[in-house]
Amino acid sequence: MTERFDLSRARVAAIMNRKAGSGNGESVGAMLEDRIAPACAGFTMIRPQKGQNIVSLAADTAREHDVIIAVGGDGTQAAVAQALADADTEKVMGVIPGGTFNYFARDLGVGETPEAAIDTLLNARIENVSVGDMNGKVFLNNISLGAYPEILERREDAYRRFGRRRVLAYWAVLRTLMDLRHPLQLTAIVDGEKREFRTALAFVAQSETQLEAFGLEGADDVRRDRLPLFIAKAERAVPLIGAALRLALGISAHGEDFELIISEKFIINTDRPTRHVAHDGERSRVPAPLNLSIRKDALRVLVPAEKHGDKED
């Protein structure tokens with residue numbers, strides 16, 4: 001019989017991205033105050049200031065609370081997950097989606113709306129969840145090198161200048177791909193074997209939902225705590241645009257557009273001492289080599305009390 005988590009005895013804090021959900025997040029905050037606060041031993045709502053380090057904030061908050069609820073998109077979820085995974089404590093994470101794709105929430109099955117996720121928190125059990133690790137940094141969905149980090153840079157620059165508009169995201173994709181001149185030189189060390197690649201894009205996946213949405217293989221391997229590494233066969237703009245379109249339409253096939261390598265850990269080296277890397281929708285410069293692995297059962301997360309299936313061995 002599944003052991004239900006007793007929320008009534010827990011001190012709960014919610015760290016809320018101000019852009020979570022529709023509008024400015026106030027409606028999600030009101031729902032938490034109305035439904036979660038009366039159901040637990042203590043409730044604190046935290047709205048980070050602009051530019052505040054959410055990882056540090058979550059780590060500090062976890063010292064005084066039993067449950068930390070991340071309210072926001074996958075970037076917010078990854079920051080709270082980083083704090084709790086690093087702390088190696090018995091503290092528990094709650095998830096309320098508030099982004100565009102919400103792959104982490106969908107992987108967990110907690111609900112794709114704030115309302116559904118709050119229902120889950122009120123009737124939950126604890127599940128141990130594995131996360132990806134890149135040089136000590138937690139990722140929940142994917143990390144990528146090559147074209148995608150450059151797309152994020154141009155998109156954020158356009159957002160800063162003209163505001164957040166979807167058309168600017170599409171413009172950033174097109175401009176980046178058309179300006180693509182130099183493919184990456186990658187060396188991947190997998191199970192002791194060194195392999196070299198020239199590619200416009202490489203990414204490591206951790207979300208089975210995202211892989212299935214794109215029609216890519218590897219979802220079952222993610223469920224078995226193994227990492228799929230995809231390396232685009234395209235080196236230049238035009239063939240990469242074709243692969244990107246097939247990916248967006250969910251018709252990309254293993255062996256045609258991407259080479260797929262599965263392992264529990266990789267070492268990826270590049271032709272530069274540092275590289276921009278995209279991780280869960282964020283972008284940062286990371287020194288090479290990239291050491292990629294799985295932190296098995298690194299998080300304790302509240303998921304629906306009713307099990308939908310056991311994790312595969």
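Student: How do you know where in the chain confidence is lowest and where it is highest?

Tutor: Confidence is given as pLDDT, the predictor's confidence in each residue on a scale from 0 to 100; its mean falls to 59 in helix α6 (residues 147-162), the lowest in the chain, and reaches 97 in β2, the highest. The elements themselves are DSSP runs numbered from the N terminus, helices being H or I runs of at least four residues and strands E runs of at least two, and the chain has ten helices and 16 strands. Over the chain as a whole the average pLDDT is 84, with 77% of the residues scoring at least 70. Where pLDDT is low, the predicted coordinates should not be read in detail.

This is a predicted model, in which local features need pLDDT of at least 70 and side-chain atom pairs count only at pLDDT 80 or more, while totals for chains, interfaces and linings use all residues. Residues are numbered from 1 along each chain as its sequence is written, and side-chain values use heavy atoms, with hydrogens and water left out.

Student: Why is Ser27 called partly exposed?

Tutor: A residue is buried under 20% relative accessible area, exposed over 50% and partly exposed in between, with a 1.4 Å probe and protein chains only. Ser27 has a relative accessible area of 38%, so it is partly exposed. Ser27 is found in helix α1, and its C-alpha atom is separated by 9.6 Å from that of Pro114, 87 residues apart along the chain.

Student: What makes the buried residues of α1 line one face of the helix?

Tutor: In α1 (residues 26-36) the buried residues are Val28, Gly29, Met31, Leu32 and Ile36. Seen down the helix axis they fall within an arc of 160°, so they line one face of α1; the arc is that of the directions from the axis to the C-beta atoms. Their cover includes β1, β2 (42-46), β3, β4 and α5 (114-122).

Student: Which residues touch the most other members of the largest nonpolar core, and what makes a set of residues such a core?

Tutor: The set must consist of buried Ala, Val, Leu, Ile, Met, Phe, Trp, Tyr and Cys residues joined through side-chain atoms within 4.5 Å. The largest such core has 27 residues, of which Val80, Met93, Val95, Phe104, Leu108, Leu299 and Val301 touch the most other members. Elements giving two or more residues to this core include α2 (54-62), α3 (74-87) and β16 (290-304), and α3 has the largest share, six residues. Apart from it lies another core, of 23 residues, among them Leu7, Leu32, Ile36 and Cys40.

Student: Why is the pair of Phe203 and Phe230 called stacked, and the pair of Phe230 and Phe258 edge-to-face?

Tutor: Rings of Phe, Tyr and Trp (its six-membered ring) pair if their centres lie within 6.5 Å, and planes under 30 degrees apart count as stacked, over 60 as edge-to-face and the rest as tilted. The structure holds four aromatic pairs. The rings of Phe203 and Phe230 have centres 4.9 Å apart and planes at 15°, so this pair is stacked; it links strand β10 (residues 201-205) to strand β11 (residues 227-232). The rings of Phe230 and Phe258 have centres 6.2 Å apart and planes at 85°, so that pair is edge-to-face, and Phe258 lies in strand β12 (residues 258-263). Phe203, Phe230 and Phe258 form one aromatic cluster.

Student: How do you know whether Phe203 and Phe230 are buried or exposed?

Tutor: Phe203, at 12% relative accessibility, counts as buried, and Phe230, with a relative accessible area of 3%, is buried as well.

Key
Contact means heavy atoms within 4.5 Å.
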